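Trainee: I'm new to this one and would rather see one part properly than skim everything. Please pick a loop residue, look at it closely, and then work outwards from there.

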Amino acid sequence: QLDELADQPPPPPPPPPPSASASSSLSWLVEQQQRLTSSSEKEELEAEMAASVGLTLKESSFSAAYQHQREQEDDEARFHFHRQLHACAERGDFVNAEGVMKQMNESGMLPGSKAFHALTLAYVKGGYAKGALGAIRTEVSKGVRPLPQTYAAVVLAFLREGDVETAQAVYASNRRAEGVGTEQSWKILTGALFARSGGVDGDGVDGDEGVDGDEGVDVDVEVDGSGERGEEDRANNSTTTKSIITKHNTSGYSTHSEGYYERAMELSGQGEAQGLVPDRPLYERMIEAMCREGDVASARDRLVRMKKQGLVVEKKVLASVVTGFALAGMIDEAERGLVAMVRAPGIIEAGVIGAVNAVLLSYLREEDMGKEELAERISWVRGQMVVGGLSLDRKGVSLLLSASVLLEDVNVGKLAFDALWGQPATSGTRLMYVSDDCLGRFLHELSVVGDVESMGRCLNLIVSEGREIPGERGMRTFLTAWVEAAGAESKTQQ
């Protein structure tokens, strides 16, 4: 057959679409054709994804018997079975949950969507995602319409196992299930994709929001926090200036996307086009991911939407925006965000301090900023930190030391160095964010003022951490100053 195909002439290429420039009156037709083609391809892909997990549910699939049972699901006669299913779901005991479902069938009480929801949750809490998928498949095959929370629970189960593809396929089948809401599974999947774009594994979901029951469901079981994502670690972030700050991260964030950000953005736009509205956790992950990708304009837009919805904007959200603006070189916007951040509710965590560091780093990167302006802005930041009860971390103190050598302000440099000196004496860590050039300049400034004690401590720290002693700078070396200071002290004693 392949030989026969090879002998056949290739089919003629399809005619190109009419050019808008050749016929501007037909440009709308070209655009419509492109939209329809794209929409059709996405529809086919979504259908394939739903079929891949064996979930295809249409209105015609609902059997009359199960429709009747659904209406009778709140009957008191089912309470005994539902209570047992509730207990099994809480324990993650899917074996006994299956037994209860069998008893219901044998007693003539066909399980409805609430019973199947409890069975699915038992598999989810039991850590068996394939079992949860099998439960909802059985539900669909019986003609029972799953609850929106059931789809959301299965999506969550596969995200916890790191199987993003299957989670997306389950969500695709949820979208194709007529009469079943998608908001809960949309929020869970979109939030997880945004979180994963920053290298956070797991489900990317705080707790189990969106998978419990509602509307009087007897089995309103919440899945516990197993697999809950850990705290997301945000990175804190003239030629002379660049050499001084070379030890500091230039990207501001770690990158681990694998296309997750693009998928999350597409899913976000798809849901919002259907009228779905993000909640606060989803907004937070969305804003952080946008700032991480450098799309600060979109992040600011989402921040405005949060405020319009009356959602509380905490420090950690504003910290992402401040960091994004600072790394983009938008210093004025970063400073406005910093003012809002220090006054916003929420706990002080690594990302908040990291935002302050990012603002300081943006000052050092601004080659057109004069010494007087740099000193004023650093002083302003320190004032904002006092208002917010913030303290610089190791990276922030290192940035302050870098700023001091640019300003040639040895007193500020000594304050920063004292803070580094007071850090835990873990080998190779106290100077990890300080460049060799910065150390050399600082030693030179100490030599100019003849501060032998500070020079000694600085040299001791350099050697103890295995760093090389910086070379000479200019006409005067710190060693010369040390000898001169020692000679002056000897004369005084004499």
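Mentor: Let's settle one term to start with: a residue is buried if its relative accessible area is under 20%, exposed if it is over 50%, and partly exposed in between, using a 1.4 Å probe and protein chains only. You're looking at a predicted model, in which local features need pLDDT of at least 70, side-chain atom pairs count only at pLDDT 80 or more, and totals for chains, interfaces and linings use all residues. Numbering starts from 1 along each chain as its sequence is written, and side-chain values use heavy atoms, with hydrogens and water left out.

My pick is Glu 408. Look for Glu 408 in the loop between helix 19 (394-407) and helix 20 (410-421). Helices here are DSSP runs (H or I, at least four residues), numbered from the N terminus. Glu 408 counts as exposed because its relative accessible area is 56%. Now check its backbone: phi is near 55 degrees, a positive value, and Glu 408 isn't a glycine. That's worth a second look because most residues other than glycine have a negative phi.

Step past Glu 408 and you're into helix 20, so let's see what that helix packs against. The axes of helix 20 and helix 21 (residues 436-449) come within 10 Å and cross at roughly 120 degrees. The axes are lines fitted to C-alpha atoms over the stretch in contact, and the angles, from 0 to 180 degrees, are taken between N-to-C directions. An angle under 35 degrees counts as roughly parallel, over 145 as roughly antiparallel, 65 to 115 as roughly perpendicular, and the rest as oblique. Helix 20 and helix 21 are therefore oblique to each other. Helix 20 makes the contact (heavy atoms within 4.5 Å) through Val 410, Gly 413, Lys 414 and Phe 417, and helix 21 brings Phe 442, Glu 445, Leu 446 and Val 449. Sorted by class, that contact has five nonpolar, one polar and two charged residues. In this sorting Asp, Glu, Lys and Arg are charged; Ala, Val, Leu, Ile, Met, Phe, Trp, Tyr, Cys and Pro are nonpolar; the others, Gly among them, are polar.

For another loop, go to Pro 146, between helix 7 (129-141) and helix 8 (148-160). Pro 146 counts as buried because its relative accessibility is 2%. From Pro 146 to Gly 179 you cover 33 residues in sequence, but 9.6 Å in space, C-alpha to C-alpha. The helices on either side of this loop pack at about 155 degrees, and the axes of helix 7 and helix 8 are 9 Å apart. That makes helix 7 roughly antiparallel to helix 8. On the helix 7 side you'll find Ala 129, Lys 130, Ala 132, Leu 133, Ile 136, Glu 139 and Val 140, facing Thr 150, Tyr 151, Val 154, Ala 157 and Phe 158 of helix 8. Between them they come to nine nonpolar, one polar and two charged residues.

Val 154 has another link to follow, since its C-alpha is 8.2 Å from that of Leu 121, 33 residues away along the chain. Leu 121 sits in helix 6 and is buried, with a relative accessible area of 1%. Helix 6 (residues 113-125) also holds Ala 118, which is buried at 0%. The C-alpha atoms of Ala 118 and Ala 89 are separated by 5.7 Å, with their positions 29 residues apart along the chain.

Next, helix 9 (residues 164-176) and helix 10 (residues 183-196): their axes come within 10 Å and cross at roughly 150 degrees. So helix 9 is roughly antiparallel to helix 10. Helix 9 supplies Val 164, Ala 167, Gln 168, Tyr 171 and Asn 174 to the contact, while Ser 185, Trp 186, Leu 189, Leu 193 and Arg 196 come from helix 10. That gives six nonpolar, three polar and one charged.

Trp 186 leads you on to Ser 268, which touches Trp 186, Thr 190, Phe 194, Met 286 and Arg 302, leaving out residues up to four places away in sequence. Ser 268 is in helix 12 (residues 260-273) and is buried, at 1% relative accessibility.

Notes:
Helix = DSSP H or I, 4+ residues; strand = E, 2+ residues; numbered from the N terminus.
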